[in-house]
Amino acid sequence: MNEVYFILALVFSLFLNACNAKQNSKNKELPAIVSPYLGLMPPGLIPKIVAPGIIATGEDFVGNVKFSPDMKEIYTIKKGGKYKDFTSLVIRYENNKWQDESVTDVQNPVFSKDGTIIYKGSEYRERIETGWSEPKSMGTPFEDRYVMGISISDKNTILFDHYESPDTKGAISYSRLKDGKYQPSQKLGKEINNGKPTAHPYIALDESYLIWDAVREGGYSDSDLYISFQQKDGSW
């Protein structure tokens, strides 16, 4: 796949004029962009390529694009061109322009609301002056689980998938923060955990809806996306 399709529905109150995003193959200097949306207007219902010349630069694969909350860092994975293997990269917005991409050990991060913490599996890293700290264990109820996907709401509820054992199907559980500690996890009901496997949750910041993927009988492909809306009584 040599095109990245931007499917995020981001809404901004102010968009400024920006330079056209072009890159000369002999000159790696990236353009100055003053808009918080990489110089582009948000797409409507038709997907568009993300920032040609900045993110989409002709590789065979570009994926797992993640923006920091302040929109000044982009983390992605690429393969093709000068990257023979899948490579994790970061692109930073500094001095009023996007800098050249650089290799990073941060892969597919999930950011805290203020951008000072990133989560990956059952570990987290804190932002420090030189970048990110070494990975630290999130402790119970996460450390004894194989976690692939994790998502955090503004209410400090963490949803995550896990495998109880190599022979059982995956499930999505949640844990709430109370008195500075995450409480023992609980599995979501059969409305969500109905598939083999059920994984990669994304919870809305206000917890109004949940998106995940699962392999279910009657689905359209090997794995499909599903959405569920939280009711007034807290059920899904």
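These legends describe close-up views of a predicted protein model.

**View 1. The whole chain is built with strands and without helices.**
The protein has 20 strands and zero helices. It contains 236 residues, and 41% of them are buried. Its accessible surface comes to about 14,500 Å². Carbon and sulfur atoms hold 52% of that surface. Some contacts span long stretches of sequence. Among contacts with a separation of 6 or more, 36% are between residues 24 or more positions apart.

**View 2. Strands β18, β19 and β20 form an open sheet.**
The sheet has three strands, in the order β18-β19-β20, and the pairing is antiparallel. Strands β18 and β20 are the edge strands, and each pairs on one side only. On average, neighbouring strands of this sheet are turned by 25° against each other, direction ignored. What holds strands together in a sheet? Strands pair through backbone hydrogen bonds, either parallel or antiparallel.

**View 3. A hairpin connects β18 with β19.**
Strand β18 covers residues 198-203, and strand β19 covers residues 209-214. The two run antiparallel and are joined by four bridges. A199 stands opposite D213 of β19. Five residues lie between the strands of this hairpin. Here E207 takes a positive phi near 65°.

**View 4. Strand β19 also pairs with β20.**
Strand β20 runs through residues 224-229. How many bridges link β19 and β20? There are six, in the antiparallel sense. One residue pair to find is A214 and D224: they are bridge partners, with D224 in β20.

**View 5. Two aromatic rings stack between β19 and β20.**
The whole structure has six aromatic pairs. One of them is W212 with Y226, a stacked pair. Their ring centres are 6.0 Å apart, with 25° between the planes. W212 belongs to strand β19 and Y226 to strand β20, so the pair links parts of the chain 14 residues apart. Is W212 buried or exposed? W212 has a relative accessible area of 2%, so it counts as buried. Y226 has another neighbour: R216 lies over the face of its ring, at 4.4 Å from the ring centre.

**View 6. Three aromatic residues make one cluster.**
Look for Y75, F111 and W132. Together they form one aromatic cluster.

**View 7. A cis peptide bond comes before P197.**
The bond joins K196 and P197, and its omega is about -5°. Where is P197? P197 is found in the loop between β17 and β18. Strand β17 covers residues 186-187.

**View 8. N156 has a positive phi in a loop.**
N156 is not a glycine, yet its phi is positive, at about 65°. Its loop runs between β13 (150-152) and β14 (157-163). The relative accessibility of N156 is 35%, so this residue counts as partly exposed.

**View 9. H200 has a positive phi within a strand.**
What is the phi of H200? Its value is near 55°, which is positive in a residue other than glycine. H200 lies in strand β18, an edge strand of the open sheet. Its relative accessibility is 40%, so H200 counts as partly exposed.

Methods:
Residues are numbered from 1 along each chain as its sequence is written. This is a predicted model: local features need pLDDT of at least 70, side-chain atom pairs count only at pLDDT 80 or more; totals for chains, interfaces and linings use all residues. Side-chain values use heavy atoms; hydrogens and water are left out. Buried means under 20% relative accessible area, exposed over 50%, partly exposed in between (1.4 Å probe, protein chains only). Contact means heavy atoms within 4.5 Å. Accessible areas come from the Shrake-Rupley method with a 1.4 Å probe; for residues, only the protein chains shown count as cover. Two strands pair if DSSP finds at least two bridges between them. Rings of Phe, Tyr and Trp (its six-membered ring) pair if their centres lie within 6.5 Å; planes under 30 degrees apart count as stacked, over 60 as edge-to-face and the rest as tilted. A charge sits over a ring if NZ of Lys or CZ of Arg is within 6 Å of the ring centre and within 35 degrees of the ring normal. Axes are lines fitted to C-alpha atoms, for helices over the stretch in contact, and angles run from 0 to 180 degrees between N-to-C directions.
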